[in-house]
Amino acid sequence: MTENVGRADDEAQITAFFRQTLCFRKIRGAWKIAHQHESVPFYMDGSYRAAVDLEP
Amino acid sequence: MQHHQTAASERFSQTDDETQIRALIDDWAKAAGTFDIDRVMAAYTPDILAFDAIAQLQFKGAQAYREHWQACSAMCPGPMIFEVHDLAIEAGDDIAFGHYLVRCGAVGEDGKEDAGYMRVTFGCRRTSGKWKIAHEHFSAPFDPESGKALLRLEP
């Protein structure tokens, strides 16, 4: 029995880079996503703006 | 997790993994709350890949992440608040994942707490019998209308 943790940068329609963590569980032989976490960082310059303008 | 009949020893072994990972996260959280960076880093694999809530899209490897921890430590001189809530873990043979909410912030000079909740996902790998964190992802949601992080949400 194994669990897989995947992580990817994906490009959303607004052409921003997000981070995504996907966690899988095997159910009756098929892998399914049991947990998903998607985000962008935020700026700590007092604005707390979501950082949708970062590039890898 | 696949649900099937297991021998008593296998069931005990699963619970044992969760116990070990809870202890790992508990120790890590205590270290994080005091910026004991050596002790924080001891919880990570050398090839950790981290998504933090601030500063960069990602941190590749322990050295890069250590430097980020050091920079964060410089930003927060006073006592930190770092509470793990609702920790959930799913463990396989040598890979596990988990998630929790963290209430984090600082105590001001006036003694008042300034803290909010973020969400955390982590992935662990067992090597030579020991669980370590190979991936962690910290974030706050953001409001697409204002474009700002939502740092005062409550569970």
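Visitor: What share of the 155 residues in chain B is buried?

Guide: This is a predicted model, in which local features need pLDDT of at least 70, side-chain atom pairs count only at pLDDT 80 or more, and totals for chains, interfaces and linings use all residues. Residues are numbered from 1 along each chain as its sequence is written, chains are lettered from A in the order in which they are written, and side-chain values use heavy atoms, without hydrogens and water. A residue is called buried when its relative accessible area is under 20%, exposed when over 50%, and partly exposed in between, using a 1.4 Å probe and protein chains only. Among the 155 residues of chain B, the buried share is 43%.

Visitor: Is Trp28(B) buried or exposed?

Guide: Trp28(B) belongs to helix α1, which covers residues 8-33 of chain B (helices are DSSP runs of H or I with at least four residues, strands are runs of E with at least two, numbered from the N terminus). Because its relative accessibility is 0%, Trp28(B) counts as buried.

Visitor: Which residue, twelve residues from Trp28(B) along the chain, has its C-alpha atom 5.5 Å from that of Trp28(B)?

Guide: Leaving aside residues up to four places away in sequence, Trp28(B) touches several others, including Trp69(B), Phe82(B) and Phe138(B), where contact means heavy atoms within 4.5 Å. Another residue that Trp28(B) touches is also the one whose C-alpha atom lies at 5.5 Å, twelve residues along the chain, namely Val40(B).

Visitor: What pattern does chain B follow along the sequence?

Guide: The secondary structure of chain B consists of three helices and eight strands. Read in sequence order, chain B has the pattern α-α-β-β-α-β-β-β-β-β-β.
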